[in-house]
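User: I'm new to this structure and would like a close look at its backbone. Could you walk me through the places where it does something out of the ordinary?

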Amino acid sequence: MDQVRIGVIGTGRMGQSHCRVYSNLRHAKFVGICDANAEVGREMARRHEVSFFREVDALLENVDAVSVCTPTPYHYEIVKRCLDAGVHVMVEKPFTETLEQAEALKEAASNGKTIIQVGHIEKFNPAFIELRKVLEGMDVLAMNFNRLSPFQGSNVDVDVVLDLMIHDIGLVVDLFEHEPLSMDAHGFAVFTDSIDYGMAILKYAPEILLTLTASRVTEQKIRAISVTTRDAYIEADLLHKTIEVHRRTLGDYVNQKNSHKYRQESLIERIVVPTMEPLFLELQDFVTCVAEGKTPQVTAADGYNALRFVLLLRDKILESRRVQNKV
Ligand SMILES: NC(=O)c1ccc[n+]([C@@H]2O[C@H](COP(=O)([O-])OP(=O)(O)OC[C@H]3O[C@@H](n4cnc5c(N)ncnc54)[C@H](O)[C@@H]3O)[C@@H](O)[C@H]2O)c1
């Protein structure tokens, strides 16, 4: 397939970015938009000079592949319709609202005829790609994932674990092939009725501990991973796309003009991170996979695994809250 005919379903905050990227992507022919809000959809269609379709099925008749960027509760039904119509799907994270829905879609896509890619965008973040290379051969002792945001009132149809922590869980699933030995999680509500601040501890080995914090009530936007290894400390900023590697510091006494002075040397390496937009790399991968019949980097099985993981953590948080309430 030389040119993949693309549509976008749901053109809110995230869908608008998909529209922008598809308009500029090689081998993609952006042809149409569908949005339940006709005013929003028509305006986006006008801006990108593509057709607006009121009904999902009408859009599906005109495309080879779509991005599904509706709120999560609608993912299952829309993705199912896409698969039934033989249309390849890039669906935003979280894959679906429930594990049963994710399993059903994973099964439906297992015949290999249609591709499902799930929008775990951080896997395409150049800072994460470079961090992975830096960590090769290193003896990791601990990792801290921080994903903090101010409260904006968006995506409150899901809690912060499903909305934000799932990004880091997607990376954890990518980094560690096996399940953790144990996990614990806590959290609480602040501005909504669901979890607005969540924290998890995962033990992968007696000497490998991971902590994950996700917040939508913190007055600063932070997307960071820090790693303690046996001989270095690494700080990756996924937002500003920087990585610093702090090597073990050397301390010794030097003799200067007959007096002994303590001297400490620290070495900081700044890793070169390419300035590529993660969404561009993610959608480029999707279009290439559709055009060449390849398996995407984030499959339905990956989306299912990440969802299963965060739902376990969410259950732990809800359970700990129930226990607290009893006390
Ligand atoms: N990858 C990321 O970093 C990231 C960031 C933000 C949101 N998201 C995900 O993207 C999805 C959308 O989030 P958002 O913030 O853009 O939401 P949004 O509310 O801003 O936009 C959703 C759009 O979908 C439309 N819509 C709703 N139901 C529809 C239906 N049945 N058919 C067609 N259109 C429909 C709405 O009219 C709206 O325009 C969510 O799953 C969210 O988790 C991912």
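Analyst: Here is a short tour of some backbone spots, with a helix at the end. Please keep in mind that this is a predicted model.

Some background helps: most residues other than glycine have a negative phi, and most peptide bonds are trans.

Let's begin with E49, in the loop that connects α2 (38-48) to β3 (51-53). Its phi is positive, near 55 degrees, and E49 is not a glycine. As for its surroundings, E49 has 8 other C-beta atoms within 10 Å, so it counts as exposed, the cut-off for that class being 12 or fewer.

Next comes P94, in the loop between β5 (88-92) and α5 (99-108). Here the point of interest is the peptide bond that runs from K93 to P94: it is cis, and its omega is near -15 degrees.

Further along, the loop between β12 (232-237) and β13 (242-256) holds K241. K241 is another residue that is not a glycine yet has a positive phi, of about 55 degrees. There are 19 C-beta neighbours inside 10 Å of K241, so this residue is partly exposed; a buried residue would need 20 or more.

Finally, have a look at helix α6, which spans residues 126-135 and has A127, F128 and L131 as buried residues. Viewed down the axis of α6, the buried residues fall within an arc of 95 degrees, which means they line one face of the helix. Just after α6 you will find G137, with a positive phi of about 80 degrees.

Note on methods. Residues numbered from 1 in each chain as written. Predicted model: local features only at pLDDT ≥ 70, side-chain atom pairs only at ≥ 80, totals over all residues. Helix = DSSP H or I, 4+ residues; strand = E, 2+ residues; numbered from the N terminus. Arc of directions from axis to C-beta.
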